[in-house]
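Student: I would like to work through this model by question and answer. Please keep it brisk.

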Amino acid sequence: QAQLAESGGGLVQPGGSLRLSCAASGSIFSIYTMGWYRQAPGKQRELVAAITSGGGTNYEDSVKGRFTISRDNAKNMVYLQMNNLKPEDTAVYYCKRDARYIYLEVWGQGTLVTVSS
């Protein structure tokens with residue numbers, strides 16, 4: 001079974017940085033668009049950033065210029081570098097493998113990012 005495992009979350013002060021990692025296993029990784037989503041308490045899950053198999057990227061407006069998504073297909077890894085973190089970035093961050101059909105989508109278990117002084 002295809003699985004995704006996120007890591008790198010934690011507690012950071014406003015203005016700080018974190019790098020999230022997502023490790024994919026059990027499937028061919030390189031052909032899929034990968035995304036980072038987040039869900040804050042009381043809010044809907046939202047797309048933060050996505051990267052296509054060819055390296056094209058898309059970002060939610062509030063993180064543009066602060067977050068960078070990247071991937072290493074040779075290592076089956078996708079990353080989210082988060083700089084200048086703000087309290088409103090606090091959320092559980094999820095890695096997702098996009099797919100043509102919903103039943104082929106894969107989600108990680110999430111990693112908590114808390115931005116607070």
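Student: Which cysteines form a disulfide?
Tutor: A disulfide here is a pair of cysteine sulfur atoms within 2.5 Å. The structure holds one. Its sulfur atoms lie 2.1 Å apart, and the pair is cysteine 22 and cysteine 95.

Student: What should I know about the source of these values?
Tutor: This is a predicted model, where local features need pLDDT of at least 70 and side-chain atom pairs count only at pLDDT 80 or more, while totals for chains, interfaces and linings use all residues. Residues are numbered from 1 along each chain as its sequence is written, and side-chain values use heavy atoms, with hydrogens and water left out.

Student: Is the disulfide of cysteine 22 and cysteine 95 left-handed or right-handed?
Tutor: Look at the torsion about the S-S bond. For cysteine 22 and cysteine 95 that torsion is about -85°, so the disulfide is left-handed.

Student: How many residues apart in sequence are the parts that this disulfide ties together?
Tutor: Strands are DSSP runs of at least two residues, numbered from the N terminus. Cysteine 22 lies in strand E3 (residues 18-25) and cysteine 95 in strand E9. The pair therefore ties together parts whose separation in sequence is 73 residues.

Student: Are cysteine 22 and cysteine 95 buried or exposed?
Tutor: Buried means under 20% relative accessible area, exposed over 50%, and partly exposed in between, with a 1.4 Å probe and protein chains only. By that rule, both cysteine 22 and cysteine 95 are buried.

Student: Which strand supplies the largest share of the largest nonpolar core?
Tutor: A nonpolar core is a set of buried Ala, Val, Leu, Ile, Met, Phe, Trp, Tyr and Cys residues joined through side-chain atoms within 4.5 Å. The largest one has 27 residues, and those with the most contacts inside it include Trp36, Leu80 and Tyr93. The largest share, four residues, comes from E3.

Student: Which residues of strand E11 point to the buried face?
Tutor: In a regular strand the side chains alternate between the two faces of the sheet. Strand E11 spans residues 111-115, and its side chains alternate. Leu112 and Thr114 point to one face and are not buried. The other face has the buried side chains: Thr111, Val113 and Val115.

Student: Which residue stands opposite threonine 111 in E11?
Tutor: Two strands pair if DSSP finds at least two bridges between them. Three bridges join strand E9 (residues 91-97) to E11, and the two run antiparallel. Opposite threonine 111 stands tyrosine 93.
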